[in-house]
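Morning, everyone. Please pull up the model on your screens, and I will walk you through it.

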Amino acid sequence: MERHAETAAGASLTLGSGEAAALREAAAPLTLPERAHLDLRFRSAPWRRVVEALEPGGRLVDFGCGPGLLAHLLFRAGFSGTYLGLDPDSRKVDRARRWLPESPARLFSAGTVDAATPGAFSQAALLDVLYLVPPPARTDFLARAARALTPGGLFVALTSGGGPRWKRRLDTAQERLAVGLGITRGGGVVTCDGAEVAGLLTAAGLAGAAVVDVGRGFLHGFELVSARRPLT
Ligand SMILES: C[S@@+](CC[C@H](N)C(=O)[O-])C[C@H]1O[C@@H](n2cnc3c(N)ncnc32)[C@H](O)[C@@H]1O
């Protein structure tokens, strides 16, 4: 596993300034609490770094897409490919559809990793989802997710469970609260850091797993992990 202090290589999607205002405008069809949740999510996670880690085109599947923030930001950043957002929580899928109109280039569907056609996607995103998957199930979960990729395809995962001990504790407390209040549905909360995710991606047959610390300036210990399906 490689560990980098700065950005992942090959970034070409970028977000300009004024994204908070653009998000508020785009999210106008949602209720006030839903807009507030999106605004908080946007401000509290390293979205610029996430978007930069992805490729500007191709077929992308977003596992655990939630209410669609990545879909919104990707197209704002100039993404020219097709996007499929999957989430097992149909409330999240409904919410995404209410502010992000679907088109052949941008679709949302209820489902988890098995809903993605094997070998059909050149990129896969998994952003802040793995902590909801019980640890004994994670190896199998990521093996099934990685199957969605074409040879050479890119997998990008964001986890908030890294960084110093106080950030890890805060992360656990906040995620437990979200599940306890029913804001997020999942099988429980066991946080994970980038090293664990890199190990799981490697076990899933992906190569070149690299961890980037993207938590600076945020309350959570965000780490971005990327790896590719080998060409052969
Ligand atoms: C913290 S939210 C992150 C949403 C979005 N990826 C983001 O970063 O804004 C976690 C999401 O994972 C979804 N989730 C929970 N269990 C899942 C599973 N087994 N497979 C895929 N998604 C899952 C939840 O429904 C929720 O929408």
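Let's start at the ligand. One of its oxygen atoms sits 2.7 Å from an N or O atom in the side chain of Arg41. Keep in mind that this is a predicted model.

Next, Gly64. Here the backbone does the work of contact: an N or O atom of the Gly64 backbone is 2.7 Å from a ligand nitrogen. With Thr112 we are back to a side chain. A polar atom of the Thr112 side chain lies 2.7 Å from a nitrogen of the ligand.

How much of the ligand does the protein bury? On its own, the ligand exposes 600 Å², and 90% of that is buried by the protein.

Now the full shell. It has 17 residues around the ligand. Arg41, Gly64 and Thr112 are among the closest, and so are Asp87 and Leu127. By type, the shell splits into 8 nonpolar, 3 polar and 6 charged residues.

On to the rings. A pair of aromatic rings is described by two things: the distance between the centres and the angle between the planes. A search of the whole structure turns up 3 aromatic pairs. I will show you two.

Take Tyr83 and Phe108. Their centres are 5.7 Å apart and their planes meet at 65 degrees, an edge-to-face pair. Edge-to-face needs an angle over 60 degrees. Where do the two partners sit in the chain? Tyr83 is in strand 3, residues 82-87, and Phe108 is in strand 4, residues 106-110. That is 25 residues apart, so this pair links distant parts of the chain. Are these two buried or exposed? Tyr83 counts as buried, because its relative accessibility is 2%. Phe108 is buried as well, also at 2%. The cut-off for buried is under 20%.

The other pair is Phe218 with Phe222. It is edge-to-face too, at 5.9 Å between centres and 90 degrees between planes. Here the partners differ in cover. Phe218 is partly exposed, at 22% relative accessible area. Phe222 is buried, at 1%.

Rings can also have a charge over them. Arg59 lies over the face of Phe121, 5.2 Å from the ring centre. In a second case, the charged end of Arg106 sits over the ring of Phe75, 5.5 Å from its centre.

Phe75 falls within the residue range of helix 4, 69-76, so let's look there. Helix 4 is mostly covered, with 6 of its 8 residues buried. Which ones are they? Leu69, Leu70, Ala71, His72, Leu73 and Leu74. After helix 4 comes Gly78, with a positive phi near 100 degrees.

Why does a positive phi deserve a second look? Because most residues other than glycine have a negative one. Now find Asp128. Its phi is positive, near 55 degrees, and Asp128 is not a glycine. Asp128 belongs to the loop between strand 5 (121-127) and helix 6 (135-146). Even in that loop, Asp128 counts as buried, because its relative accessible area is 10%.

Last stop, Arg228. You will find Arg228 in strand 8, residues 223-228. Its relative accessible area is 35%, so Arg228 counts as partly exposed. How far is Arg228 from Ala209? In sequence, 19 residues; in space, 7.4 Å from C-alpha to C-alpha.

That's the tour. Questions, please.

Notes
Residues are numbered from 1 along each chain as its sequence is written. This is a predicted model: local features need pLDDT of at least 70, side-chain atom pairs count only at pLDDT 80 or more; totals for chains, interfaces and linings use all residues. Side-chain values use heavy atoms; hydrogens and water are left out. A residue is near a molecule or strand if one of its heavy atoms lies within 4 Å of it. A polar contact is a pair of N or O atoms within 3.5 Å; within protein, one must be able to donate a hydrogen and the other to accept it, and residues adjacent in sequence count only if both atoms are side-chain atoms. Accessible areas come from the Shrake-Rupley method with a 1.4 Å probe; for residues, only the protein chains shown count as cover. Ala, Val, Leu, Ile, Met, Phe, Trp, Tyr, Cys and Pro count as nonpolar, Asp, Glu, Lys and Arg as charged, and the others, Gly among them, as polar. Rings of Phe, Tyr and Trp (its six-membered ring) pair if their centres lie within 6.5 Å; planes under 30 degrees apart count as stacked, over 60 as edge-to-face and the rest as tilted. Helices (H or I, at least four residues) and strands (E, at least two) are DSSP runs, numbered from the N terminus. Buried means under 20% relative accessible area, exposed over 50%, partly exposed in between (1.4 Å probe, protein chains only). A charge sits over a ring if NZ of Lys or CZ of Arg is within 6 Å of the ring centre and within 35 degrees of the ring normal.
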